[in-house]
Structure formats: structure tokens, C-alpha cells
Amino acid sequence: MAAAGELFAEHGVSGVTTQQIADRADVAIGTLFLYASTKAELLIMVQNEKFADAIDRGLTAANAAMGQALPEPVVALIRPVVACIREHAENGRTYLHELVFGDPAEPYRRAGLALSARLEDGITGLLTGGESIDAADAATLARVITAIIHISTTATVYLHSSDEAVLADIRDQIRATLPPLRRAA
């Protein structure tokens with residue numbers, strides 16, 4: 001995993017072969033495939049660890065922002081997630097693409113999808129905490145917000161925008177999705 005992470009960070013997922021990863025890890029290619037059967041699975045394995053850490057940091061930040069009006073606690077939660085996905089644009093885009101379109105039964109994808117669900121659950125909790133948004137509506141809004149995050153962090157039009165500019169755009173989109181009486185001023 002360390003070898004794959006280093007090479008993906010240096011060259012991007014498209015600039016690395018599984019043979020290079022095996023060579024860097026000082027293992028035979030067959031041994032590498034015991035861990036993951038494709039380069040995409042190796043990327044997911046590496047990115048899942050980063051994504052989990054970003055969610056943990058976001059949940060901590062969101063808890064600290066709980067006294068603020070919506071959408072600020074949600075933005076606090078997603079700030080490290082946005083940074084994680086955009087850290088290396090190609091890797092982040094490929095990771096999200098693989099999670100959405102790959103085989104959900106594959107173990108690393110399944111773990112990544114569980115992380116995505118954890119993020120949605122965190123957003124749902126923030127939307128229901130102290131607000132009059134019921135759980136079903138909050139869950140639907142959380143799904144919409146994660147779709148906003150996905151598009152805003154991967155769309156080509158946002159590639160050269162700063163993380164703060166992307167977060168500002170996401171904040172505006174979240175405000176537009178919230179029930180009118182619950183929007184922050």
C-alpha cells in the first residue's frame with residue numbers, strides 16, 4: 001500500500017503500472033495481485049485510508065461548529081473531504097469514478113462505499129441536529145449534498161479553482177437545497 005500510495009502521489013494513477021508498484025514494494029507481481037486484482041483496486045485501497053482520515057477530521061470540525069447556523073457545520077465536515085479528493089486531481093477523480101461505477105461487491109469498493117455512507121450519515125446528523133428537518137428529508141438532502149461534492153470536486157470546470165473557491169460554491173449549493181427557514185443568513 002505504501003509503494004502504491006507513493007507512486008500514485010508522484011505520477012498519478014495513469015502514470016503508474018502495477019509492475020512499477022510491485023518493483024517499488026519489492027514483491028513479485030503475483031504477490032501484488034494477492035492484495036488487489038487491478039490498479040484501480042490499489043488506488044481505492046490507498047484512497048480509502050485518506051478518505052477515512054478526512055471524514056474523521058471533518059466530523060471533529062463539524063462538532064466544533066455545531067453552534068453555527070447551517071450550512072456551516074456541514075461545510076466544516078466536508079472541508080477536509082474536498083481537500084482529500086482534490087489533493088491529486090486525477091487520483092481523486094478516478095477514485096470517485098471507481099466507487100460510483102465499479103463493482104460494489106469488490107472489498108475495497110465496498111469499504112469505500114461504506115465510507116461514503118458514513119459521510120452521508122454525518123451530514124444527515126448535522127441537518128437533523130437542533131433543526132426542524134426530519135430524518136427522512138435530512139437523509140435525502142445528505143445524498144444531494146454528496147452529489148454536489150462529487151461533481152464540484154471532479155468536474156473539469158473546477159480543476160483550476162482553489163479548494164476555498166470550490167467550498168464556497170458547494171456552500172452556495174447547499175444553502176439552495178436547504179428548506180427556506182433553515183438557511184443561514
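Modeller: A pocket is an open set of grid points with protein on both sides within 12 Å along at least five of seven lines. This model is predicted. Its largest pocket holds about 290 Å³ of space.

Colleague: What makes a residue part of the lining of the largest pocket, and which residues are closest to the centre?

Modeller: A lining residue has an atom within 4 Å of a pocket point. For the largest pocket, 15 residues pass that test. V100, S116, E120, T146 and H150 are the closest to the centre.

Colleague: Which elements give two or more residues to this lining?

Modeller: They are α5 (72-86), α6 (89-101), α7 (107-128) and α8 (135-154). The most comes from α8, with 5 residues.

Colleague: How many of the lining residues are nonpolar, polar and charged?

Modeller: The lining has 10 nonpolar, 3 polar and 2 charged residues.

Colleague: Why are α7 and α8 called oblique to each other?

Modeller: Start with the angle. It is about 130°, and the axes are 8 Å apart. Angles over 145 degrees count as roughly antiparallel, and 65 to 115 as roughly perpendicular. The value of about 130° fits neither class, so α7 and α8 are oblique.

Colleague: How do you know that α7 and α8 meet, and which residues are involved?

Modeller: Contact means heavy atoms within 4.5 Å. On the α7 side, the residues are L119, E120, I123, T124, L127 and T128. On the α8 side, they are A135, A138, A139, L141, A142, R143, I145, T146 and I149. This contact divides into 10 nonpolar, 3 polar and 2 charged residues. The crossing of α7 past α8 is right-handed.

Colleague: Why is α1 called oblique to α2?

Modeller: The axes of α1 (residues 2-11) and α2 come within 8 Å and cross at roughly 125°. That value also lies between the limits of 115 and 145, so α1 is oblique to α2. This crossing is right-handed too. From α1, the contact uses A3, A4, E6, L7, F8 and E10; from α2, it uses Q20, I21, R24 and A25. By class, these are 6 nonpolar, 1 polar and 3 charged.

Colleague: What makes D26 worth a look?

Modeller: Most residues other than glycine have a negative phi. D26 is not glycine, yet its phi is positive, near 60°. D26 sits in the loop between α2 (18-25) and α3 (29-35).

Colleague: Where is the cis peptide bond?

Modeller: It runs from L70 to P71, with omega near 15°. Most peptide bonds are trans. P71 lies in the loop between α4 (39-64) and α5.

Methods. Residues are numbered from 1 along each chain as its sequence is written. This is a predicted model: local features need pLDDT of at least 70, side-chain atom pairs count only at pLDDT 80 or more; totals for chains, interfaces and linings use all residues. Side-chain values use heavy atoms; hydrogens and water are left out. On a 1 Å grid over the protein atoms alone, a cavity is a set of points where a 1.4 Å probe fits but cannot get out, and a pocket is an open set with protein on both sides within 12 Å along at least five of seven lines; lining residues have an atom within 4 Å of a point. Grid points are joined across faces, edges and corners, and a volume is the space filled by probe spheres set on the points. Helices (H or I, at least four residues) and strands (E, at least two) are DSSP runs, numbered from the N terminus. Ala, Val, Leu, Ile, Met, Phe, Trp, Tyr, Cys and Pro count as nonpolar, Asp, Glu, Lys and Arg as charged, and the others, Gly among them, as polar. Axes are lines fitted to C-alpha atoms, for helices over the stretch in contact, and angles run from 0 to 180 degrees between N-to-C directions. Angles under 35 degrees count as roughly parallel, over 145 as roughly antiparallel, 65 to 115 as roughly perpendicular and the rest as oblique. A crossing is left-handed if the near helix is turned anticlockwise from the far one by less than a right angle, and right-handed if clockwise.
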